[in-house]
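Hello,

Here is the structure I promised to pass on. Please open it first, then read my notes below.

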Amino acid sequence: MADRLDTPRESRFRLPRFNLQSEPVSRVAEGIARFTGTAQFLVWLTVFVVIWLAWNTFAPQDLRFDSAALGFTALTLMLSLQASYAAPLILLAQNRQDQRDRVLAEQDRQRAERNLADTEYLARELASLRMALGEVATRDYVRGELRDLMTDLVSDRDERDERFREEFLALLRPTEGGDDGGTRAASSGTGGEGGEGTPPADR
(Lines give C-alpha, C1' and ligand atoms only; values in the text may rest on other atoms or scores of the structure.)
Protein backbone atom coordinates (compact mmCIF):
# COMPACT_ATOMS: atom_id res chain seq x y z
CA MET A 1 0.00 0.00 0.00
CA ALA A 2 1.43 3.35 -1.01
CA ASP A 3 2.03 6.02 1.59
CA ARG A 4 -0.62 8.67 1.86
CA LEU A 5 0.45 12.08 0.66
CA ASP A 6 -1.35 13.86 3.48
CA THR A 7 0.52 11.89 6.15
CA PRO A 8 4.00 13.07 7.07
CA ARG A 9 6.66 10.50 6.57
CA GLU A 10 8.26 9.20 9.71
CA SER A 11 11.95 9.75 9.97
CA ARG A 12 14.00 6.63 10.47
CA PHE A 13 16.79 8.43 12.21
CA ARG A 14 15.85 9.88 15.56
CA LEU A 15 18.04 11.87 17.83
CA PRO A 16 18.06 10.80 21.45
CA ARG A 17 15.76 12.93 23.52
CA PHE A 18 16.52 14.02 27.01
CA ASN A 19 13.82 15.04 29.39
CA LEU A 20 15.22 18.35 30.55
CA GLN A 21 12.07 18.99 32.57
CA SER A 22 12.69 16.03 34.86
CA GLU A 23 13.15 16.64 38.53
CA PRO A 24 16.81 15.44 38.80
CA VAL A 25 17.96 17.63 35.91
CA SER A 26 16.09 20.63 37.29
CA ARG A 27 17.49 20.01 40.76
CA VAL A 28 21.08 19.84 39.45
CA ALA A 29 20.63 22.97 37.38
CA GLU A 30 19.11 24.83 40.29
CA GLY A 31 21.97 23.73 42.54
CA ILE A 32 24.53 25.06 40.05
CA ALA A 33 22.65 28.33 39.68
CA ARG A 34 22.43 28.73 43.45
CA PHE A 35 26.15 28.00 43.81
CA THR A 36 27.06 30.65 41.21
CA GLY A 37 25.24 33.23 43.30
CA THR A 38 27.24 32.63 46.45
CA ALA A 39 30.37 34.34 47.75
CA GLN A 40 32.21 31.02 47.70
CA PHE A 41 31.86 30.84 43.91
CA LEU A 42 33.22 34.37 43.56
CA VAL A 43 36.23 33.51 45.73
CA TRP A 44 37.02 30.34 43.79
CA LEU A 45 36.56 32.14 40.45
CA THR A 46 38.89 34.93 41.57
CA VAL A 47 41.52 32.42 42.69
CA PHE A 48 41.22 30.60 39.36
CA VAL A 49 41.63 33.80 37.32
CA VAL A 50 44.59 34.97 39.40
CA ILE A 51 46.35 31.61 39.03
CA TRP A 52 45.62 31.61 35.29
CA LEU A 53 46.99 35.09 34.82
CA ALA A 54 50.04 34.48 37.01
CA TRP A 55 50.91 31.21 35.29
CA ASN A 56 50.59 32.62 31.78
CA THR A 57 52.55 35.71 32.76
CA PHE A 58 55.46 34.47 34.92
CA ALA A 59 55.78 30.82 33.87
CA PRO A 60 58.40 29.77 31.34
CA GLN A 61 57.52 30.52 27.78
CA ASP A 62 57.26 26.91 26.73
CA LEU A 63 54.83 26.15 29.59
CA ARG A 64 52.40 28.96 28.88
CA PHE A 65 49.15 28.01 27.15
CA ASP A 66 47.45 31.43 26.92
CA SER A 67 49.30 34.33 25.37
CA ALA A 68 49.30 37.59 27.28
CA ALA A 69 50.06 39.42 24.04
CA LEU A 70 46.66 38.30 22.68
CA GLY A 71 44.87 39.48 25.81
CA PHE A 72 44.43 36.00 27.35
CA THR A 73 42.00 34.86 24.68
CA ALA A 74 41.44 31.43 26.19
CA LEU A 75 40.54 32.93 29.56
CA THR A 76 38.14 35.35 27.92
CA LEU A 77 36.45 32.52 26.05
CA MET A 78 36.14 30.44 29.19
CA LEU A 79 34.60 33.30 31.17
CA SER A 80 32.21 34.05 28.31
CA LEU A 81 31.21 30.38 28.15
CA GLN A 82 30.66 30.32 31.89
CA ALA A 83 28.49 33.47 31.72
CA SER A 84 26.47 32.09 28.79
CA TYR A 85 25.63 28.97 30.81
CA ALA A 86 25.07 30.81 34.06
CA ALA A 87 22.31 33.03 32.68
CA PRO A 88 19.99 30.16 31.58
CA LEU A 89 20.69 28.29 34.80
CA ILE A 90 19.70 31.33 36.82
CA LEU A 91 16.52 31.70 34.77
CA LEU A 92 15.76 28.01 35.30
CA ALA A 93 16.22 28.41 39.05
CA GLN A 94 13.94 31.44 38.99
CA ASN A 95 11.28 29.50 37.07
CA ARG A 96 11.43 26.66 39.58
CA GLN A 97 11.16 29.16 42.41
CA ASP A 98 8.16 30.74 40.70
CA GLN A 99 6.53 27.32 40.42
CA ARG A 100 7.13 26.65 44.09
CA ASP A 101 5.75 30.05 44.98
CA ARG A 102 2.69 29.35 42.84
CA VAL A 103 2.13 26.04 44.59
CA LEU A 104 2.60 27.64 48.00
CA ALA A 105 0.19 30.43 47.05
CA GLU A 106 -2.39 27.86 45.95
CA GLN A 107 -1.96 25.95 49.20
CA ASP A 108 -2.27 29.19 51.18
CA ARG A 109 -5.43 30.05 49.26
CA GLN A 110 -6.94 26.65 49.97
CA ARG A 111 -5.94 26.93 53.62
CA ALA A 112 -7.50 30.38 53.83
CA GLU A 113 -10.71 29.06 52.26
CA ARG A 114 -10.84 26.22 54.79
CA ASN A 115 -10.21 28.65 57.63
CA LEU A 116 -12.96 30.92 56.32
CA ALA A 117 -15.36 27.99 56.06
CA ASP A 118 -14.48 26.88 59.59
CA THR A 119 -14.93 30.41 60.88
CA GLU A 120 -18.34 30.75 59.24
CA TYR A 121 -19.38 27.36 60.64
CA LEU A 122 -18.29 28.36 64.14
CA ALA A 123 -20.11 31.68 63.81
CA ARG A 124 -23.31 29.90 62.79
CA GLU A 125 -22.92 27.44 65.67
CA LEU A 126 -22.39 30.27 68.15
CA ALA A 127 -25.44 32.10 66.80
CA SER A 128 -27.57 28.96 67.14
CA LEU A 129 -26.28 28.38 70.66
CA ARG A 130 -27.05 31.98 71.59
CA MET A 131 -30.58 31.60 70.24
CA ALA A 132 -31.00 28.31 72.08
CA LEU A 133 -29.74 29.83 75.32
CA GLY A 134 -32.20 32.67 74.87
CA GLU A 135 -35.04 30.15 75.04
CA VAL A 136 -33.58 28.19 77.98
CA ALA A 137 -34.49 29.25 81.52
CA THR A 138 -31.61 31.01 83.17
CA ARG A 139 -30.69 30.90 86.85
CA ASP A 140 -32.16 34.30 87.61
CA TYR A 141 -35.37 33.37 85.81
CA VAL A 142 -35.68 30.13 87.81
CA ARG A 143 -35.01 31.98 91.05
CA GLY A 144 -37.66 34.54 90.23
CA GLU A 145 -40.18 31.84 89.39
CA LEU A 146 -39.42 29.97 92.62
CA ARG A 147 -39.71 33.19 94.59
CA ASP A 148 -43.09 33.94 93.03
CA LEU A 149 -44.22 30.37 93.68
CA MET A 150 -43.21 30.59 97.34
CA THR A 151 -45.00 33.91 97.66
CA ASP A 152 -48.14 32.35 96.18
CA LEU A 153 -47.87 29.37 98.51
CA VAL A 154 -47.43 31.58 101.56
CA SER A 155 -50.39 33.75 100.58
CA ASP A 156 -52.52 30.65 99.95
CA ARG A 157 -51.52 29.27 103.31
CA ASP A 158 -52.41 32.52 105.04
CA GLU A 159 -55.74 32.57 103.26
CA ARG A 160 -56.46 28.97 104.26
CA ASP A 161 -55.48 29.70 107.86
CA GLU A 162 -57.71 32.76 107.93
CA ARG A 163 -60.61 30.84 106.41
CA PHE A 164 -60.14 27.98 108.86
CA ARG A 165 -60.07 30.42 111.75
CA GLU A 166 -63.27 32.08 110.59
CA GLU A 167 -65.00 28.74 110.12
CA PHE A 168 -63.87 27.58 113.52
CA LEU A 169 -65.11 30.76 115.15
CA ALA A 170 -68.37 30.45 113.28
CA LEU A 171 -68.80 26.95 114.67
CA LEU A 172 -68.06 28.09 118.20
CA ARG A 173 -70.51 31.05 118.26
CA PRO A 174 -73.85 29.05 118.21
CA THR A 175 -72.63 26.85 121.07
CA GLU A 176 -71.71 29.82 123.22
CA GLY A 177 -75.08 31.48 122.43
CA GLY A 178 -77.04 28.33 123.44
CA ASP A 179 -75.18 28.04 126.75
CA ASP A 180 -75.93 31.67 127.60
CA GLY A 181 -79.64 31.17 126.78
CA GLY A 182 -79.89 28.10 128.98
CA THR A 183 -78.18 29.89 131.80
CA ARG A 184 -80.58 32.82 131.53
CA ALA A 185 -83.59 30.45 131.42
CA ALA A 186 -82.39 28.63 134.51
CA SER A 187 -81.82 31.88 136.29
CA SER A 188 -85.27 33.18 135.38
CA GLY A 189 -86.90 29.89 136.44
CA THR A 190 -85.16 29.94 139.73
CA GLY A 191 -86.09 33.52 140.26
CA GLY A 192 -89.80 32.81 139.51
CA GLU A 193 -89.94 29.95 141.89
CA GLY A 194 -88.32 32.02 144.56
CA GLY A 195 -90.81 34.78 143.95
CA GLU A 196 -93.76 32.51 144.40
CA GLY A 197 -92.40 30.84 147.49
CA THR A 198 -91.26 34.05 149.16
CA PRO A 199 -94.05 36.14 150.50
CA PRO A 200 -94.14 39.79 149.72
CA ALA A 201 -92.58 42.11 152.16
CA ASP A 202 -95.87 43.97 152.73
CA ARG A 203 -97.60 40.87 153.90
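**Salt bridges and charge**

Arg-111 and Asp-108 form a salt bridge, with their closest N and O atoms 2.8 Å apart. Keep in mind that this is a predicted model.

Both residues of this pair, Arg-111 and Asp-108, sit in helix H3. They are three residues apart, about one turn of the helix. Arg-111 has 39% relative accessibility, so Arg-111 counts as partly exposed. Asp-108 is at 43%, so Asp-108 also counts as partly exposed.

Helix H4 holds a pair of this kind too: Glu-162 and Arg-165, three residues apart, about one turn of the helix. Their side chains meet in a salt bridge at 2.8 Å, N to O. Glu-162 has a relative accessible area of 38%, so Glu-162 is partly exposed. Arg-165 is partly exposed because its relative accessibility is 44%.

Now look at Glu-30 and Arg-96. Their side chains form a salt bridge of 2.6 Å, N to O. This pair links distant parts of the chain. Glu-30 is in helix H1 (residues 23-36). Arg-96 is in helix H3 (residues 73-135), and the two are 66 residues apart. Are Glu-30 and Arg-96 buried or exposed? Both are buried. The pair also belongs to a network of salt bridges that links Glu-30, Arg-34, Arg-96 and Arg-100. In total, the count comes to seven salt bridges.

Next, the surface. Which residues gather in a patch of negative charge there? They are Glu-145, Asp-148, Asp-152, Asp-156, Asp-158, Glu-159 and Asp-161. Take Asp-158, one of these residues. Asp-158 lies in helix H4, which spans residues 139-197. Asp-158 is partly exposed because its relative accessibility is 41%, and the range for that label runs from 20% to 50%.

**The whole chain**

How many helices and strands are there? The chain has four helices and zero strands. From the N terminus on, the order is α-α-α-α.

The chain has 203 residues, and 9% of them count as buried. Its accessible surface comes to about 17900 Å². Carbon and sulfur atoms account for 61% of that surface.

One last number concerns contacts. Take those between residues at least 6 apart in sequence. Of these, 48% join residues at least 24 apart.

To find your way around, start at Arg-111 and Asp-108 in helix H3. Then go to Glu-30 in helix H1 and Arg-96 in helix H3. Finish at the negative patch, which includes Asp-158.

Best wishes

Terms used. Residues numbered from 1 in each chain as written. Predicted model: local features only at pLDDT ≥ 70, side-chain atom pairs only at ≥ 80, totals over all residues. Heavy atoms only, no water. Patch = residues over 30% accessible without salt bridge, like charges linked within 9 Å, V, L, I, M, F, W, Y side chains within 5 Å. Areas by Shrake-Rupley, 256 points an atom, 1.4 Å probe, with all protein chains shown as cover. Salt bridge = Lys/Arg side-chain N within 4 Å of Asp/Glu carboxyl O. Lys, Arg positive; Asp, Glu negative; His and termini not counted. Charge placed at Lys NZ, Arg CZ, Asp CG, Glu CD. Buried < 20%, exposed > 50% of the residue type's maximum accessible area, 1.4 Å probe, protein only. Contact = heavy atoms within 4.5 Å.
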